[in-house]
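Please walk through this structure with attention to its charged side-chain pairs and to one place where helices pack.

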Amino acid sequence: MSTNTETLPATSREIQLASRPHGRPVPENFRLAESPLPELQDGQVLVRNLFISVDPYMRGRMNDVKSYSAPFALDAALDGGAVGEVIASRADGRAVGDTVVHSLGWREYAVVDAAATTLARTDLAPASAFLGALGMTGLTAYAGLLKVAEFKPGEVVFVSGAAGAVGSLVGQIAKAMGASRVIGSAGSPEKVARLLELGFDAAFNYHDGPVAKQLAAAAGDRGIDVYFDNVGGEHLEAALSALTVGGRVAMCGAISQYNATEPTPAPRNLMLAIGKQLTLKGFLVNGYWQHMAEFVEAVSGWLADGTISYDETVVDGLENAPQAFMDLLDGANTGKMLVRL
């Protein structure tokens, strides 16, 4: 067993799910608690978390319903992406001082099976990037655009939630790979301005008027070939109208509906998918890990030469993680929402 010279912690502060939200989460749904750390076993590492990720998909796991990911348990720590420093190891291939990515976030320290960690190449980018541009977020953008929507150079791409962690990367990857035009929607004038700085050809604030009307103006007579959907609802309906024959939709998220307490209406123009021979494909990043090496090589190169940049919204302190998550659902972030411990 290897350890650093400091006294190892016996307990860890963590954020627990105190109750299940109805609609928008509120602070009372969460609890800051302290729990004993299990003793390190062979094949495990003890990690001091540096950054934890809060992500929209976590809202669904707060409901007690069957889904692609098990619901969070009440009165237990939540989990999610984290990056941290190994401070004790009983595992071959993981040494004290290594920076690793794992899935036991929402806590200060974690005992993790070494096999469930990946090394963060901090020679390529800062540790936090491995929760965003070079992590699950980035792979979601890369695989969704290229493997799910099967983007081809010369096409027009529309991205909703485009100033978020995934959307901002989708647009930049599309430009890097030869899109003729990339359009983004976002929820504030500042975010729209940021999208134009990132190289989007057009961007609009969906609060300024009907999405269909603004998208049609941005796309012109050419229309769009690919829609990367992070929002659902009105955005999806607008995209169906703007898509060309043979257009494709990568259905990544539907953040406009996550806090809904009643069933949300489907797009009223879904019939267009027939005549236009559209493909609407939902996907989860878990099905695309085989592309991780290809993705890291491509995106790390673009980061290095400045083709792609990424934004982070960083909130300090584990105790502020619930508020960061609630703010995320309200669109308060630009780029990746992270909590720094």
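**Salt bridges and a helix crossing**

In this predicted model, Lys336 and Asp55 form a salt bridge through their side chains, with N and O 2.5 Å apart. The two residues are 281 apart in the chain: Lys336 belongs to strand E16 (residues 336–340), whereas Asp55 sits in the loop between strand E4 (44–53) and helix H1 (58–61). Lys336 has a relative accessibility of 5% and therefore counts as buried. Asp55 is buried too, at 8%.

A second salt bridge joins Asp79 and Arg61, at 2.8 Å from N to O. Arg61 is in helix H1 and Asp79 in the loop between H1 and strand E5 (82–89), so this pair ties together parts 18 residues apart in sequence. Asp79 is partly exposed at 22% relative accessible area, whereas Arg61 is buried at 11%.

Asp225 and Arg222 also pair, their closest N and O atoms lying 2.8 Å apart. Here Asp225 is buried, at 8%, and Arg222 is partly exposed, at 41%. Elsewhere, Arg13, Glu108 and Glu319 are joined into one network by salt bridges that share partners. The count of salt bridges comes to 18.

The helix packing comes next. The axes of H2 (residues 136–148) and H3 (residues 165–176) come within 8 Å and cross at roughly 50 degrees. An angle from 35 to 65 degrees counts as oblique, so H2 and H3 are oblique to each other. The crossing is right-handed. Residues in contact include Thr137, Ala141 and Leu145 of H2, and Val166, Leu169 and Ile173 of H3. The contact residues of H2 with H3 comprise 9 nonpolar, 3 polar and no charged.

Key: Residues are numbered from 1 along each chain as its sequence is written. This is a predicted model: local features need pLDDT of at least 70, side-chain atom pairs count only at pLDDT 80 or more; totals for chains, interfaces and linings use all residues. Side-chain values use heavy atoms; hydrogens and water are left out. Axes are lines fitted to C-alpha atoms, for helices over the stretch in contact, and angles run from 0 to 180 degrees between N-to-C directions. Helices (H or I, at least four residues) and strands (E, at least two) are DSSP runs, numbered from the N terminus. Angles under 35 degrees count as roughly parallel, over 145 as roughly antiparallel, 65 to 115 as roughly perpendicular and the rest as oblique. A crossing is left-handed if the near helix is turned anticlockwise from the far one by less than a right angle, and right-handed if clockwise. Contact means heavy atoms within 4.5 Å. Ala, Val, Leu, Ile, Met, Phe, Trp, Tyr, Cys and Pro count as nonpolar, Asp, Glu, Lys and Arg as charged, and the others, Gly among them, as polar. A salt bridge is a side-chain nitrogen of Lys or Arg within 4 Å of a carboxyl oxygen of Asp or Glu. Buried means under 20% relative accessible area, exposed over 50%, partly exposed in between (1.4 Å probe, protein chains only).
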